[in-house]
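Biologist: I am new to this structure and would like to go through it step by step. Could we begin with what counts as a contact between charged groups?

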Amino acid sequence: IVFYSGHGLASSDGKAKYILPSNADPDLLSRTAVSRSEFFDQIVSLKPKSVTIFFDTCYSGVSRDEETLLASAKPLRIVADEDKEIPDNFTIFTASQSDQTSGSIKEARQGMFSYYLMKGFEGKADNNQDKKITNGELIAYLQTHVSKEAFSQNREQDPMFSGNPNQILMRYK
């Protein structure tokens, strides 16, 4: 299981995709950021049975405070049109669509996606109350609550998912 909260950008030509650690320089992506394909390749090389990744990030090139990270930035879409690049045993949840900015809940001092992800893991995503949370239940919970919270802030944010919706993500007592 991988959880990442931060920024993501595509190179100016849109071909290379990067995950930006806090000390990355958006103008020197290839030197200071983490290549998404290399990141996935490193995980694949470990031959895991399954991988679940949560990205509380957006790829719009804009920070949560609406500041531009890189003038030439292009949105990076992890899920939708790139499923063929995602290994079969990967499940990926993202905080927003490629053209949306991932927002935060100021009172909670964290991203909307992270906040509702943790609430979902507390059992609130268990729609049928069977003490199991499937990927499908979690993304339904996230889409409902994150989208509603974003709407209350006069914005749009719609979490996305790639993987098997029937797979059990967690069990609890």
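Modeller: A salt bridge here is a side-chain nitrogen of Lys or Arg within 4 Å of a carboxyl oxygen of Asp or Glu. The model is predicted.

Biologist: How many salt bridges does a search of the whole structure find?
Modeller: The search covers the whole structure. A pair counts if the side-chain nitrogen and the carboxyl oxygen are within 4 Å. The number found is 1.

Biologist: Which residue forms a salt bridge with lysine 119?
Modeller: The closest N and O atoms of the pair are 3.7 Å apart. Both residues belong to helix H3, residues 112-124, and because they are 3 residues apart there, about one helical turn separates them. Lysine 119 is partly exposed, at 23% relative accessible area, whereas its partner is exposed at 52%. That partner is glutamate 122.

Biologist: How far apart are the end C-alpha atoms of H3?
Modeller: H3 has 13 residues. At 1.5 Å a residue, a straight helix would reach 18 Å. The ends of H3 fall short of that, at only 15 Å.

Biologist: Which residues in H3 are buried?
Modeller: Buried means under 20% relative accessible area, so lysine 119, at 23%, does not qualify. Glutamate 122 counts as exposed. The buried ones are Met112, Phe113, Ser114, Tyr116, Leu117, Gly120 and Gly123.

Biologist: Let us step back to the whole chain. What pattern does the chain follow along the sequence?
Modeller: The chain has 4 helices and 10 strands. Among contacts between residues at least 6 apart in sequence, 65% join residues at least 24 apart. Read along the sequence, the pattern is β-β-α-β-α-β-β-β-β-α-β-α-β-β.

Biologist: What percentage of the residues of the chain count as buried?
Modeller: The chain exposes about 9600 Å². Carbon and sulfur atoms supply 46% of that area. Of the 173 residues, the buried share is 47%.

Biologist: Which element gives the largest share of the largest nonpolar core?
Modeller: That core has 18 residues, and those touching the most other members are Phe54, Phe93, Phe113, Tyr116, Leu117, Leu138 and Leu142. Two elements give two or more residues to this core: H3 and helix H4, residues 135-152. The largest share, 6 residues, comes from H4.

Biologist: Why would such residues sit together, and how many residues does the second, separate core have?
Modeller: In soluble globular proteins, nonpolar side chains tend to be buried together. The second core is separate and includes Ile19, Leu20, Ile43 and Ile86. Its number of residues is 17.

Biologist: Which residues does phenylalanine 54 touch, leaving out those up to four places away in sequence?
Modeller: Phenylalanine 54 is among the members of the largest core that touch the most others. Its contacts include Phe93, Phe113, Leu117 and Leu138, which are also on that list of core members. The others it touches are Ile1, Val2, Phe3, Tyr4, Phe121 and Leu169.

Biologist: Is serine 102 buried or exposed?
Modeller: Serine 102 lies in the loop between strand E5 (90-94) and strand E6 (104-105). Its side chain makes a polar contact with the side chain of serine 96, at 2.9 Å. Its relative accessible area is 1%, which means that serine 102 is buried.

Biologist: Which residue has its backbone nitrogen 2.8 Å from a polar atom of the side chain of glutamine 100?
Modeller: Glutamine 100 is in the loop between E5 and E6. At 6% relative accessibility, glutamine 100 counts as buried. Its C-alpha atom is 9.9 Å from that of threonine 57, although the two are 43 residues apart along the chain. The backbone nitrogen in question belongs to aspartate 158.

Biologist: What is the phi of glutamine 129?
Modeller: Glutamine 129 lies in the loop between H3 and strand E8 (132-134). The residue is exposed, with a relative accessible area of 60%. Its phi is positive, in a residue other than glycine, and near 55 degrees.

Biologist: And what is the phi of lysine 131?
Modeller: Lysine 131 is placed in the loop between H3 and E8. Its relative accessible area is 41%, so lysine 131 is partly exposed. Although lysine 131 is not a glycine, its phi is positive, at about 65 degrees.

Technical notes
Residues numbered from 1 in each chain as written. Predicted model: local features only at pLDDT ≥ 70, side-chain atom pairs only at ≥ 80, totals over all residues. Heavy atoms only, no water. Buried < 20%, exposed > 50% of the residue type's maximum accessible area, 1.4 Å probe, protein only. Contact = heavy atoms within 4.5 Å. Areas by Shrake-Rupley, 256 points an atom, 1.4 Å probe, with all protein chains shown as cover. Polar contact = N/O pair within 3.5 Å; in protein donor to acceptor, adjacent residues only side chain to side chain. Expected span 1.5 Å × (residues − 1). Core = buried A, V, L, I, M, F, W, Y, C linked by side-chain atoms within 4.5 Å.
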